[in-house]
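User: Got a model I'd like to go through with you. Can we take it topic by topic?

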Amino acid sequence: MPVLELITSSGFASLLGMRHALEPDHIAAVSTLVSREQSGYRAAWLGVCWGAGHTLALLVVGLGLVLLRSGMPARLADAFEIAVAVMLIGLGVRSVLQAAQLGSKGPASMHRHRWIVHQHPGMPAHVHLGNWTFARRPLLIGAIHGLAGSGALAALVLATLPSTAARLAYMMLFGLGSTAGMAALSGLLGWPLARLGAHEHVTRGISFVVGCISVVLGIVWGYPLVARWL
């Protein structure tokens with residue numbers, strides 16, 4: 001029965017993680033990143049980068065809470081949620097400014113990573129881990145979202161799973177499900193954008209609308225939390 005329970009809970013964790021990727025704040029944040037991509041594959045990779053940061057934050061904070069058998073303090077949880085709201089507003093403003101100032105591909109920069117010299121039109125700042133290239137901004141955005149959700153996930157696994165190994169496996173699979181869901185969503189968003197990339201005015205319009213939605217969602221998300229603190 002413990003093995004069956006672990007398999008069942010693990011499958012549920014992956015499905016729950018995929019659904020978690022479709023929450024409004026996640027969609028808004030990633031939409032501001034992929035709205036100027038010229039390839040569905042590159043947009044999907046941004047989703048993977050978001051998922052990597054999200055999973056890492058969930059595991060680090062969630063595992064700490066599980067080992068301590070403690071919940072996250074309410075004030076700290078609110079602070080992480082406010083950070084998500086501020087991030088959504090910042091991403092939205094950035095997207096609106098890009099729509100007003102830049103062309104369809106955005107700025108291009110040539111730079112060096114040790115022996116690698118390359119140029120990325122419109123590509124956000126990134127880091128290299130061996131042969132893997134991870135976009136820095138989606139990693140950070142995913143990590144902030146992971147921090148905001150780690151307390152609730154830790155409370156869930158503490159209440160439902162009997163061992164630390166099962167709880168860790170659940171959080172890992174939840175994170176992998178979130179990564180898969182966000183990669184699929186980003187790829188789906190990026191596919192039509194790649195077809196519209198030749199139409200600069202359409203691309204700018206999409207970037208502007210997505211930015212405005214992100215700002216509004218950030219304000220709606222953060223206002224009750226800030227009001228509760230004041």
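**Helix, core, pocket and pairs**

Analyst: Let's start with α2. This is a predicted model. The buried residues of α2 are Asp-25, His-26, Ala-28, Ala-29, Val-30, Ser-31, Thr-32, Leu-33 and Val-34.

User: How many residues does α2 have in total?

Analyst: Eleven, and nine of them are buried, so the helix is mostly covered.

User: On to the core. Which residues touch the most other members of the largest nonpolar core?

Analyst: Ile-141, Leu-153 and Val-157 do, in a core of 33 residues. Two or more residues each come from α2, α3, α4, α5 and α6, the last spanning 164-196.

User: Which helix gives the largest share of this core?

Analyst: α3, with seven residues. As background, nonpolar side chains tend to be buried together in soluble globular proteins.

User: Switching to pockets. What volume does the largest one have?

Analyst: About 270 Å³. Its lining has 18 residues, and the closest to the pocket centre are His-20, Glu-23, Gly-149, Ala-152 and Phe-174.

User: Which helices supply at least two residues of that lining?

Analyst: α1 (2-20), α2 (24-34), α3 (40-68), α4 (74-101) and α5 (136-160) each do. The largest share is from α5, with six residues.

User: How does the lining divide into nonpolar, polar and charged?

Analyst: Nine residues are nonpolar, five are polar and four are charged.

User: Next, charge pairs. How many salt bridges are in the whole structure?

Analyst: The search finds one. Arg-228 pairs with Asp-78, and their closest N and O atoms are 2.8 Å apart.

User: Where do those two sit in the chain?

Analyst: In distant parts, 150 residues apart. Arg-228 belongs to helix α7 (residues 200-229), while Asp-78 belongs to helix α4.

User: Is each partner buried or exposed?

Analyst: One of each. Arg-228 counts as exposed because its relative accessibility is 53%, and the cut-off for exposed is over 50%. Asp-78 has a relative accessible area of 13%, so Asp-78 is buried, the limit there being under 20%.

User: Last topic, cysteines. How many disulfides does the structure hold?

Analyst: Zero.

User: And Cys-49, buried or exposed?

Analyst: Buried, because its relative accessibility is 0%.

User: Why does Cys-212 count as partly exposed?

Analyst: Because its relative accessibility is 31%. Partly exposed lies between the buried limit, under 20%, and the exposed limit, over 50%.

Technical notes
Residues numbered from 1 in each chain as written. Predicted model: local features only at pLDDT ≥ 70, side-chain atom pairs only at ≥ 80, totals over all residues. Heavy atoms only, no water. 1 Å grid on protein atoms, 1.4 Å probe; cavity = no way out; pocket = protein on both sides within 12 Å on 5 of 7 lines; lining within 4 Å. Points joined across faces, edges and corners; volume = space filled by probe spheres on them. Helix = DSSP H or I, 4+ residues; strand = E, 2+ residues; numbered from the N terminus. Nonpolar A, V, L, I, M, F, W, Y, C, P; charged D, E, K, R; others polar. Disulfide = S-S within 2.5 Å. Buried < 20%, exposed > 50% of the residue type's maximum accessible area, 1.4 Å probe, protein only. Salt bridge = Lys/Arg side-chain N within 4 Å of Asp/Glu carboxyl O. Core = buried A, V, L, I, M, F, W, Y, C linked by side-chain atoms within 4.5 Å.
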